[in-house]
Structure formats: structure tokens, C-alpha cells
Number of protein chains: 2
Amino acid sequence: MARKRFDDSNCSVARALNEVGDWWSLLIVLQAMYGTRRYVDFQKELGIAKNILCDRLGRLVENQVLTKVDVGEHGCRFEYRLTDKGRELFPVVIALRQWGDRWNPAPDQAPLDLRDRASGRPISPVCVRDADGQPLTIREVCLPGATSADDPAADS
Amino acid sequence: MARKRFDDSNCSVARALNEVGDWWSLLIVLQAMYGTRRYVDFQKELGIAKNILCDRLGRLVENQVLTKVDVGEHGCRFEYRLTDKGRELFPVVIALRQWGDRWNPAPDQAPLDLRDRASGRPISPVCVRDADGQPLTIREVCLPGATSADDPAADS
DNA sequence: AAATAGGGTTGCGTTATGAAACCAAATCAA
DNA sequence: TTGATTTGGTTTCATAACGCAACCCTATTT
């Protein structure tokens, strides 16, 4: 009946998706990372329905991904700002962006490249690394959650 | 009316979410990374409704995240296997898992730790790195998609 | 031939989403 | 001081998605 939630799942991915796993939440976080803070700006940038935006902002605040701050300006009374928790979604968002750019490139534009503010050089692809910083593929990692002895990476 | 899709969005995150941004798709990919390949096993492990599972598997195959392989075994005629595209969601899934473990730890169990299969040592936290491999926070990265000059990382 | 298992599809009721209308507080303009 | 604007919502309602159970078809065992 009700959409399944994963609050009590023993899988941390499921618990994470419970907070930012719907269509809009992660896009709101992304937009916040781009600097958007105000309700109307989220609405304009994302083209999201107002009621859905209210719901998602409220839920993100509730889950402490955003904080709602009263700034007493003209008709701009609140700002939604990333918390540390929200800010730490940065690798998730960037990994997703890189994946999207790699496998579903926009037909008419170059992928946006992110650069180190200090050096101006492009950032590296986000990847899983071992303790020494060497990149690891899925084949080289033990996945304790695995339910079979099969190689999860095989495709033939 | 219709749920919004982002096929033609100029944002690669939105395009990525279009393929794996719903409640179930990324969990199916995760389960596939754990080694699950068969329809019934996905259903058992995830507790997902059969019609939804059909829809999601079909969509993931359509988007070339999984391939459907006919293996002529007893009552186990198909396997769904990760493609290269699907396998490259590894950093996304791991980053999300680490975020979930850090900010929403399961009350009754230790976070599953992933280890380098070769050395047996735990993997590093997934993070965004500069060209030299040094970790970068959001404050140290230029975000060309930014719509304002505000510091997106500020929380006060 | 009958039972079983895998892999679905179909109905049906509940929930979520999207668009537009409406509402209320605070500010700005006249 | 009155009225128009802006921000940040809530309400209403139609449509789409989800969850569950029941059913179906094929292939394989027994």
C-alpha cells in the first residue's frame, strides 16, 4: 500500500536513499551546492511544483541535510542552507555527475568541468581507492553484503 | 500531470537521476554488485513488488545498466548482469553507503567495512580529489553551474 | 500426467506528483 | 494609509506510480 521506506533497513545505502533517494531531493541538494538558498530560486531553477518543493525542503531540514534560517529581508525571509551532513553529499553528487557525463553526455554541449579553485586544474574522477590511494574497481573489493560467491562484476 | 523526467536536461546529474534516481533502481544496482543476478533473488533480497521489479529491470536493461542474458537452466532462464556502465556506478553507491554509515548509522550494528581484496585493508572514504589526488571540499572547487556568487558551503 | 519453479502480467486500491488557485505576512510605492 | 508586490506557503483535484495479491505461461522435474 504505502510506498516502502527504509528507515530501519540494515543497509546504509537504503537508509541514505530514504533521505535523498527520491526524484527531487538530490537535485535540491545539488542546487544548494550551486549556491541557491531561497525558496523561489529553487522553484525557478528546478521547475518543481511548489507543494513538492515545500515537502522536500521540510524533509531535508528534518533530516538535517539543510537548515532553515530566518533572514529578515524584504519578502525573502528564509534561507535554506547546507549543513555539514548535506555538504558531505558532495562526493555522491560529483560521482553521479561524472557518471552522467560519461554515459549520457548531453548532445549539444560539453560536460561541465569542475576545477580546483586554487590551481584551476580539472578535478579527478571520483573513484573508490584503497588505503594507499590507489583506485579500486568493484572486482578488487570485498563486498561483505554479497549473497553469493559469484563475481559481481562478470558480464559474460 | 506526468512525473517529470529529465531526459533532455542540460544537467548531467538530472540525466543520471533519470535512469537510477528512483527508489528502487539504485538498490537493484547495489544488489547486482553484491552478486544477485536472478529475478527471484532480487525479489527476495529487496522485498520489491514483482511488477515494479519487472519495470525497473526492464528500464535498467533499456538504459544499458544491466544486460538480460538467457541461461538455459531449470526454471532460471535469465540473468541480469551489470554492464560496464552499471559497474561504473560503483563510486556513487560506495559514496552513498559511506554517507549513510556516517550520518545515519544503524543503531544495532557496525557499518559494513569494505576491504581491498588484495591487501585486506579497508578502503578510503570516497572523496573528490584534485589532479594530484589531494582531497577537495566543496569550498575548494569551482562549480560552473552556480547561479550566484555566494559561497555554497556557508552555513552561517 | 502432475507438481514445481522462474518470470512475468493484470486488477485494484492507495499514495505521490504536478498544475493551478488561493492565502497570509511583510515590504514597497504612492 | 491604502494598495500592489514579493515570498513562502496550503488547498484542490486530476493523473501517474506503487504495493499487493491473484493469475498466467513456459520449462523442468518426478
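This report covers salt bridges, buried sites, backbone angles and a charged patch in a predicted model.

**Salt bridges**

Over all chains, the count comes to 20 salt bridges. Three pairs are set out below.

| Pair | Closest N to O distance |
|---|---|
| Glu19(A) and Lys85(A) | 3.0 Å |
| Lys85(B) and Glu19(B) | 3.0 Å |
| Asp22(B) and Arg56(B) | 2.4 Å |

Take chain A to begin with. Glu19(A) and Lys85(A) form a salt bridge, with their closest N and O atoms 3.0 Å apart. Glu19(A) sits in helix 1 (residues 12-20) and Lys85(A) in helix 5 (residues 84-87), so the pair ties together parts of chain A that are 66 residues apart in sequence. Are these two residues, Glu19(A) and Lys85(A), buried or exposed? Both are buried.

Chain B has a salt bridge between Lys85(B) and Glu19(B), at 3.0 Å from N to O. Lys85(B) belongs to helix 5 (residues 84-87) of chain B and Glu19(B) to helix 1 of chain B. The two are 66 residues apart, and the pair links distant parts of the chain. Lys85(B) and Glu19(B) are both buried.

The side chains of Asp22(B) and Arg56(B) also meet, at 2.4 Å from N to O. Asp22(B) is in the loop between helix 1 and helix 2 (25-33) of chain B, while Arg56(B) is in helix 4 of chain B. Their separation along the chain is 34 residues. Asp22(B) counts as buried because its relative accessibility is 5%, under the 20% limit. Arg56(B) is buried too, with a relative accessible area of 12%.

In chain A, a network of salt bridges links Asp22(A), Asp55(A), Arg56(A) and Arg59(A).

**Buried sites**

Which residue range does helix 2 of chain A span, and how many of its residues are buried? Helix 2 covers residues 25-33, and nine of its nine residues are buried. Among them are Leu26(A), Leu27(A), Ile28(A), Val29(A) and Leu30(A). Ser25(A) and Gln31(A) are also on the list of buried residues. After helix 2 of chain A comes Gly35(A), with a positive phi near 115°.

In chain B, Phe42(B) lies in helix 3 (residues 39-46). Phe42(B) is buried, with a relative accessible area of 0%. Beyond its neighbours within four places in sequence, Phe42(B) contacts ten residues by name: Ile28(B), Gln31(B), Ala32(B), Thr36(B), Arg37(B), Gly47(B), Ile48(B), Leu53(B), Leu57(B) and Tyr80(B). Gln31(B) is 11 residues from Phe42(B) along the chain, and their C-alpha atoms are separated by 7.1 Å.

**Positive phi outside glycine**

Most residues other than glycine have a negative phi. Gln64(A) has a positive phi, near 65°. Gln64(A) is in the loop between helix 4 (50-62) and strand 1 (66-73) of chain A. At 55% relative accessibility, Gln64(A) counts as exposed, the cut-off being over 50%.

Gln64(B) has a positive phi of about 60°, although it is not a glycine. Gln64(B) lies in the loop between helix 4 (50-62) and strand 1 (66-73) of chain B. Its relative accessibility is 54%, so Gln64(B) counts as exposed.

**A positive patch**

Which residues form the positive surface patch? Arg3(A), Arg5(A), Arg3(B) and Arg5(B) do. Arg5(B) lies in the segment before helix 1 (12-20) of chain B. Arg5(B) is partly exposed, with a relative accessible area of 34%.

How values were computed: Residues are numbered from 1 along each chain as its sequence is written. Chains are lettered from A and ligands numbered from 1 in the order in which they are written. This is a predicted model: local features need pLDDT of at least 70, side-chain atom pairs count only at pLDDT 80 or more; totals for chains, interfaces and linings use all residues. Side-chain values use heavy atoms; hydrogens and water are left out. Patches are made of residues with over 30% relative accessible area and no salt bridge: like charges are joined within 9 Å, nonpolar side chains (Val, Leu, Ile, Met, Phe, Trp, Tyr) within 5 Å. Accessible areas come from the Shrake-Rupley method with a 1.4 Å probe; for residues, only the protein chains shown count as cover. A salt bridge is a side-chain nitrogen of Lys or Arg within 4 Å of a carboxyl oxygen of Asp or Glu. Lys and Arg count as positive and Asp and Glu as negative; His and the chain ends are not counted. The place of a charge is taken as NZ of Lys, CZ of Arg, CG of Asp or CD of Glu. Helices (H or I, at least four residues) and strands (E, at least two) are DSSP runs, numbered from the N terminus. Buried means under 20% relative accessible area, exposed over 50%, partly exposed in between (1.4 Å probe, protein chains only). Contact means heavy atoms within 4.5 Å.
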